[in-house]
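Please load the model in your viewer and keep a selection prompt at hand, as the tour moves from one selection to the next.

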Amino acid sequence: MISYLLRKLFSGILVLLGVVTFVFILFSLAPGDPARDIAGENATEEVVANIRRRLDLDISPVHRYFLFLNDVSPLSIHHQSDQDARNYFDDKIYSGVRCLPIGGDNALYIKWPYFGRSYFTDKGVGDILGEAIPGTLILAVMSIALALIFGVFLGTLAALRRDSFYDRLILVTSALGMSGPSFFMAILVGWIAAVLWHDEINVPFMLILAAVAVTAMFLFSRGRRASSSAAIAFSIVMLAWIGGLITESLLSINLPLLHLSFQLPGTGLNLTGSLYAFDPWKGRQLEMSNMILPIITLTIRPLAVIVQLTRSSMLDVLAQDYIRTAKAKGLTPFRIIWKHALRNALNPVITAVSGWFASLLAGAVFVEFVFGWKGLGQEMYNAIERQDLPVVMGGVMFTAFAFVLINVLVDVLYGVIDPRIRSANQPL
């Protein structure tokens, strides 16, 4: 198992190197001059040249690429005395110790990776990512945790109650969740919860009556009759409502039941906001309520995928011979589902969860933009728009590292859940 993990880590390092190289080449070929953008159109060539020298833009892209790899590598080669050298080890910039002299004034150092400074703000990339990543990390962890808990539960319920009202309702809801793009769902959730329902909202009694009638038809009807009965019940209530309104207008009478409504309290949620808000009197304040709408939006699609995968996987497992054997032995239904069925059905679910979690860590750009959430996605978008290469490279390396780390953890988790996979990874 250890040799297997070492191979995975080595392949992960190669992936990181490939991603960094690809992004660096793209930015090297991109038109534009960051030094000119920083200096302004009216700046002299001397000022622009000084900025290029400070940002290492006056050297070849190949040289700049190897300098970047030297900075981000934990083991790096630096000059010890010449402060004008490109790879001079400055204690104010790097955090590390001298390990081994190589020759001349060069030495091998062990240090923390250094991602440089932003072209436009002159702020350390590590500080920029340190401010942006926690916001995205909180949203990703909370969203994927909710999606996993409710998705596995609802998917298992749908599999155990196959072709029932609950199964149909869960499948229809999950299909709607999968079909909605993130930017559309963010706008829809924000409009409903923060605009339409921000204050008290009046719900007509007839709509509540229609919902109760539809639910009752699904509960008390069986098979294909459930859907048709529910449609008939809904149509009857709606036709009664419309007919009553027409009767009121024609006969000039008042039917109070048609205008009866129930007042629901408002959400009080803000459409935009980050994890922290600045108050001029109290300073920086934690605003937990601003997480609710982004988390709901980011949970919808992973939840729908996990429900579908759990249901289909559970149906396959429940049809296996060892499940029938477990039932024949007299095991309790809870033990059969939890001990034998669910554990063997979780492999595709874990794969989906790992992919979605890594994607959320990459930054849900649209969701963060809609809700004004300060996170990695918004920071990366701004950096790409300004061609701020150090910030882009730092964000890309973090995202690639997250993907590699999650893939390794998922492989380990596979072995914990499924002994067959663990034995397959053992050396012959």
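Helices here are DSSP runs of H or I with at least four residues, numbered from the N terminus. The model is a predicted one, and the tour begins by selecting residues 61-72, which make up helix α4, with R64 among them.

Centre the view on R64, which is buried and yet takes part in no salt bridge. A salt bridge would need a side-chain nitrogen of Lys or Arg within 4 Å of a carboxyl oxygen of Asp or Glu, whereas the nearest side chain of opposite charge to R64, that of D58, is 7.1 Å away. Leaving aside residues up to four places away in sequence, the contacts of R64 are F24, S28, D56, L57 and I59.

Next, keep α4 displayed and add strands β1 and β3, since the helix lies across both of them and runs at about 115° to β1. Adding β2 completes an open sheet of three strands, ordered β1-β3-β2 and paired in the antiparallel sense. Its edge strands are β1 (75-79) and β2 (96-103), each of which pairs on one side only, and from one strand to the next the twist averages 35°.

Now select residues 106-111, the strand β3, which pairs with β2 over six bridges and with β1 over five. On the β1 side, H78 has A107 as its bridge partner; on the β2 side, V97 is partnered by I110, and L100 stands opposite L108. Between β2 and β3 there are two residues that complete a hairpin, and in this turn G104 has a positive phi of about 70°.

Which side chains of β3 point to one face and are buried? They are A107, Y109 and K111, while N106, L108 and I110 point to the other face and are not buried. In a regular strand, such alternation between the two faces of the sheet is what side chains do.

Finally, select the aromatic rings, of which the structure holds six pairs. Y65 and F66 have ring centres 5.4 Å apart and planes at 70°, so this pair is edge-to-face; Y65 itself is buried, with a relative accessible area of 13%. Another edge-to-face pair is that of F369 and Y381, with 5.0 Å from centre to centre and 85° between the planes. F369 belongs to helix α15 (residues 365-370) and Y381 to helix α16 (residues 376-386), so the pair ties together parts twelve residues apart in sequence. F369 is partly exposed at 40% relative accessibility, and Y381 is partly exposed at 41%. The last selection is F89, Y94, Y109 and Y114, which ring pairs link into a cluster.

Definitions and conventions: Residues numbered from 1 in each chain as written. Predicted model: local features only at pLDDT ≥ 70, side-chain atom pairs only at ≥ 80, totals over all residues. Heavy atoms only, no water. Buried < 20%, exposed > 50% of the residue type's maximum accessible area, 1.4 Å probe, protein only. Lys, Arg positive; Asp, Glu negative; His and termini not counted. Contact = heavy atoms within 4.5 Å. Pairing = 2+ DSSP bridges. Axes fitted to C-alpha atoms, helices over the stretch in contact; angles between N-to-C directions. Phe/Tyr/Trp six-rings, centres within 6.5 Å; stacked < 30°, edge-to-face > 60°.
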